[in-house]
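The following exercises concern a predicted model. Each task is followed by a solution in steps.

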Amino acid sequence: MKAVHFGAGNIGRGFVGLLLHEGGYEVVFSDVAAPLVEALTAADSYLVHEVGTGGEDKTVTGFRAVNSAENASAVAEEVATADVVTTAVGPTILKFIAPHIVAGLRQRPADAQKLQIMACENAIGATDTLRQAMQELAGEDWDELAAKAVFANTAVDRIVPGQPADGGIDVTVEPFYEWAIEKGPFGENLPNIPGAHFVDELGPYIERKLFTVNTGHATAAYLGTAAGLEKIADALADEHVAAGVTAALEETSALLVAKHGFSPDQMQSYRNTILDRFRNPALPDTVDRVGRQPLRKLSRHERLIGPAAEAAERGLPVQGLLAAIEAALAFDVAADEQAVEMKKLLGQLNAEAFTEKVTGLTSAHPLFTAVVQRVAAAQR
Ligand SMILES: NC(=O)c1ccc[n+]([C@@H]2O[C@H](COP(=O)([O-])OP(=O)(O)OC[C@H]3O[C@@H](n4cnc5c(N)ncnc54)[C@H](O)[C@@H]3O)[C@@H](O)[C@H]2O)c1
Ligand SMILES: O=P(O)(O)OC[C@@H](O)[C@@H](O)[C@H](O)[C@H](O)CO
């Protein structure tokens, strides 16, 4: 069994690659970072080092690596003969992965087992986004290509911090993980990933994950940055930041209870586990990584505006989420291209225009005015 995995970064090596390896797949990593591809090619194994309570070291073997920027034809050949394709590149990069999978499907015999495609990104419907990009690219032969593949959305959860520049290909991760995959598209032929669980309906899982783990994480990062803190664990130790995270998460939990029928007790226990994960002192995670790409994080269906908009539509409280949004608007990190772009837009656009452009909210939406006020405050 062979899996082609696009994106050999933190979560690619520290989670998806590991679980595919444990499921018995040979993993072919595909990445555009030449030194990373070379290091993976030169190695027989790497270590996933789980830090914190219950953590173990796991060894990954049986992998290869291909540079998709330099050798697109080799990537297409690997895809043509793979059982599974996964991605962990970031939601905005999926459009650059689409050509490789389309080229691979074109070479794949029509009677081969269907290629099982799963995007493992922090976004709702990431596999649908990838599929859409593939369809737009394929044009007329799309139906023929689509018949050779199955597409399943997934929700992945494991905190994998940025790794030290001189750290090689080993990865430090937290012990916790969860990988939920929608079951329906596969029929009887589920991928062999013992560490994943297959669910009938992914919607509640991905929203609970994105609107709790990632909303809480982003809130900690933005309030932590405002407090001058660098590490996520230190941000959680700050009384004001911790209170802000609790406030935002109580609001998203109320929404998830109302929308998906989780019980308040279930959500309380889910939140407690997550806060313990954020506090893991052995995990060297930073506010800069967790707050990265603030324009993506402030977009319409993402972890801040997404739940706040739905809560406002239902008349539920949103003050904690608005405080997180206000802190996100002040995320001023020179090395982060989107933070630089956000600062530029805050200087160029009036508060209404900025809100429409960045958050996708329109003036008729019940959250619009409150967000405009936060934007105006950030512009002062
Ligand atoms: N790190 C985490 O804790 C975590 C957890 C769950 C989900 N995720 C999600 O996983 C995705 C990746 O996050 P990450 O933290 O591993 O980031 P990362 O930057 O460590 O890894 C991304 C990798 O993708 C590669 N890449 C970029 N463009 C590419 C292309 N065109 N083709 C192939 N490879 C390409 C980069 O070189 C890099 O190695 C994101 O969507 C993120 O939200 C991350
Ligand atoms: O990867 P992003 O930028 O969408 O979000 C940053 C972190 O919140 C995220 O990577 C978490 O560590 C991860 O989602 C935990 O499962």
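**Exercise 1.** Determine whether Phe63 is buried, partly exposed or exposed, and describe the aromatic pairs that Phe63 forms with Phe29 and Tyr46.

*Solution.* Step 1: the relative accessibility of Phe63 is 8%. Buried means under 20% relative accessible area, so Phe63 counts as buried.

Step 2: a pair of aromatic rings is described by the distance of the centres and the angle of the planes. By the pairing rule, the model has eight aromatic pairs. For Phe29 and Phe63 the centres are 6.1 Å apart and the planes make 65°, which is an edge-to-face pair. Phe29 belongs to strand β2 (residues 26-31) and Phe63 to strand β5 (residues 63-67), so that distant parts of the chain, 34 residues apart, are linked. Phe29 is buried, as is Phe63.

Step 3: Tyr46 and Phe63 form a tilted pair, with 5.4 Å centre to centre and 55° between the planes. Because Tyr46 lies in strand β3 (residues 45-50) and Phe63 in strand β5, this pair ties together parts that are 17 residues apart in sequence. Tyr46 has a relative accessible area of 1% and is therefore buried.

**Exercise 2.** State which strands stand at the edges of the open sheet β9-β11-β12, and why one side of each is left without a neighbour.

*Solution.* Step 1: the sheet consists of three strands in the order β9-β11-β12, with mixed pairing.

Step 2: β9 (154-157) and β12 (197-199) each have a single partner strand, so one side of each has no neighbour in the sheet; these two are the edge strands. On average, neighbouring strands are turned by 20° against each other, direction ignored.

Step 3: strand β11 (residues 178-182) pairs with β12 in the parallel sense over three bridges. Opposite Glu182 stands Val199 in β12.

Step 4: helix α7 (residues 203-226) lies across β9, β11 and β12, and runs at about 35° to β9.

**Exercise 3.** Identify which residues of the UniProt annotation "binding site" are included in the lining of the largest pocket, and characterise Asn10.

*Solution.* Step 1: the annotation, from an unreviewed UniProt entry, covers residues including Ala3, His5, Gly9, Asn10 and Gly14. Of the annotated residues, Gly9, Asn10, Ile11, Gly12 and Arg13 are included in the pocket lining.

Step 2: Asn10 is in helix α1 (residues 10-22), and its 22% relative accessibility makes it partly exposed.

Step 3: beyond its neighbours within four places in sequence, Asn10 contacts Phe15, Val160, Pro161, Gly162, Gln163 and Val171. Ile11, likewise placed in helix α1, touches Val16, Ala88, Arg158 and Val160, not counting residues up to four places away in sequence.

Terms used. Residues are numbered from 1 along each chain as its sequence is written. Chains are lettered from A and ligands numbered from 1 in the order in which they are written. This is a predicted model: local features need pLDDT of at least 70, side-chain atom pairs count only at pLDDT 80 or more; totals for chains, interfaces and linings use all residues. Side-chain values use heavy atoms; hydrogens and water are left out. UniProt positions are given in the numbering used here, feature names are shortened, and annotations may be inferred rather than shown by experiment. On a 1 Å grid over the protein atoms alone, a cavity is a set of points where a 1.4 Å probe fits but cannot get out, and a pocket is an open set with protein on both sides within 12 Å along at least five of seven lines; lining residues have an atom within 4 Å of a point. Helices (H or I, at least four residues) and strands (E, at least two) are DSSP runs, numbered from the N terminus. Buried means under 20% relative accessible area, exposed over 50%, partly exposed in between (1.4 Å probe, protein chains only). Contact means heavy atoms within 4.5 Å. Two strands pair if DSSP finds at least two bridges between them. Axes are lines fitted to C-alpha atoms, for helices over the stretch in contact, and angles run from 0 to 180 degrees between N-to-C directions. Rings of Phe, Tyr and Trp (its six-membered ring) pair if their centres lie within 6.5 Å; planes under 30 degrees apart count as stacked, over 60 as edge-to-face and the rest as tilted.
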